[in-house]
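Welcome! Here are some short exercises, each followed by a worked solution. Take a look at the structure first, then try each task before reading on.

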Amino acid sequence: MKKKPVRAKTTAQSRVTIGLQGFARISAVEGLHLTDEMLADFKEFDRQGLAPAERRKAIARKYGVPFPPDRIGRNL
């Protein structure tokens, strides 16, 4: 009898976090690139040790992205 291949178990809540470089590579395929100013912002976030929710708030403040208040601080 042949053995069936073992597959990794996944759940609806499984998540994968990619770093800034990985995100940049994926975005580049779509023709999207971060500006030098945006890269500097992310370096500053790292230096300050900001949490993801704080990073989202800072980006929304700086770039004027509307972000519903009930979604701030949630994992998206």
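A residue is called buried when its relative accessible area is under 20%, exposed when that area is over 50%, and partly exposed in between. Please keep in mind that this is a predicted model.

**Exercise 1. Sort the partners of a salt-bridge network**

Task: Glu37, Asp41 and Lys62 are linked in a network of salt bridges; decide for each residue whether it is buried, partly exposed or exposed.

Solution:
- Step 1. Begin with Glu37. Its relative accessible area is 45%, so Glu37 is partly exposed.
- Step 2. Go on to Lys62. With a relative accessible area of 41%, Lys62 is partly exposed as well.
- Step 3. Finish with Asp41. Here the relative accessibility is 16%, so Asp41 counts as buried.

**Exercise 2. Trace the network through the chain**

Task: Find which parts of the chain the salt bridges of Lys62 tie together.

Solution:
- Step 1. Look at Lys62 and Glu37, whose side chains meet in a salt bridge at 2.9 Å, N to O. Lys62 belongs to helix 3 (residues 52–63) and Glu37 to helix 2, so this pair ties together parts that are 25 residues apart in sequence.
- Step 2. Turn to Asp41, whose side chain meets that of Lys62 in a salt bridge, again given as 2.9 Å, N to O. Asp41 sits in helix 2 and Lys62 in helix 3, so here the parts tied together are 21 residues apart in sequence.
- Step 3. Check what else touches Asp41. Setting aside neighbours within four places in sequence, Asp41 is in contact with Lys62 and Tyr63.
- Step 4. Widen the view. A search of the whole structure finds 4 salt bridges; one of them joins Asp46 to Arg55, with the closest N and O atoms 2.5 Å apart.

**Exercise 3. Classify an aromatic pair**

Task: The structure holds 1 aromatic pair; work out whether the rings of Phe42 and Phe45 are stacked, tilted or edge-to-face.

Solution:
- Step 1. Rings pair if their centres lie within 6.5 Å, and planes over 60 degrees apart count as edge-to-face.
- Step 2. The ring centres of Phe42 and Phe45 are 5.7 Å apart and the planes stand at 85°, so the pair is edge-to-face.
- Step 3. Now place the two residues. Phe42 and Phe45 are 3 residues apart in helix 2 (residues 36–48), and are therefore separated by about one helical turn. An α-helix has 3.6 residues a turn, so residues three or four places apart point the same way.
- Step 4. Compare their cover. Phe42 has 22% relative accessibility and so counts as partly exposed, while Phe45 has a relative accessible area of 8% and is buried.

**Exercise 4. Check the length of a helix**

Task: Test whether the span of helix 2 agrees or disagrees with the expected value.

Solution:
- Step 1. The expected span is 1.5 Å times one less than the number of residues.
- Step 2. Helix 2 has 13 residues, so it should span 18 Å; its end C-alpha atoms are 18 Å apart, which agrees.
- Step 3. Look just past helix 2, where Gly49 takes a positive phi of about 70°.

**Exercise 5. Describe the whole chain and its surface**

Task: What are the elements of the chain, and how much of the chain counts as buried?

Solution:
- Step 1. Count the elements: the chain has 3 helices and 0 strands, running α-α-α from the N terminus on.
- Step 2. Of the 76 residues, 9% count as buried. The accessible surface comes to about 7200 Å², and 57% of this belongs to carbon and sulfur atoms.
- Step 3. Find the nonpolar patch on the surface: Val16, Ile18, Phe23 and Ile26 form it, with about 430 Å² of accessible area together. Ile18 is placed in the segment before helix 1 (20–29), and its relative accessibility of 44% makes Ile18 partly exposed.

Technical notes. Residues are numbered from 1 along each chain as its sequence is written. This is a predicted model: local features need pLDDT of at least 70, side-chain atom pairs count only at pLDDT 80 or more; totals for chains, interfaces and linings use all residues. Side-chain values use heavy atoms; hydrogens and water are left out. Patches are made of residues with over 30% relative accessible area and no salt bridge: like charges are joined within 9 Å, nonpolar side chains (Val, Leu, Ile, Met, Phe, Trp, Tyr) within 5 Å. Accessible areas come from the Shrake-Rupley method with a 1.4 Å probe; for residues, only the protein chains shown count as cover. Helices (H or I, at least four residues) and strands (E, at least two) are DSSP runs, numbered from the N terminus. Buried means under 20% relative accessible area, exposed over 50%, partly exposed in between (1.4 Å probe, protein chains only). Rings of Phe, Tyr and Trp (its six-membered ring) pair if their centres lie within 6.5 Å; planes under 30 degrees apart count as stacked, over 60 as edge-to-face and the rest as tilted. Contact means heavy atoms within 4.5 Å.
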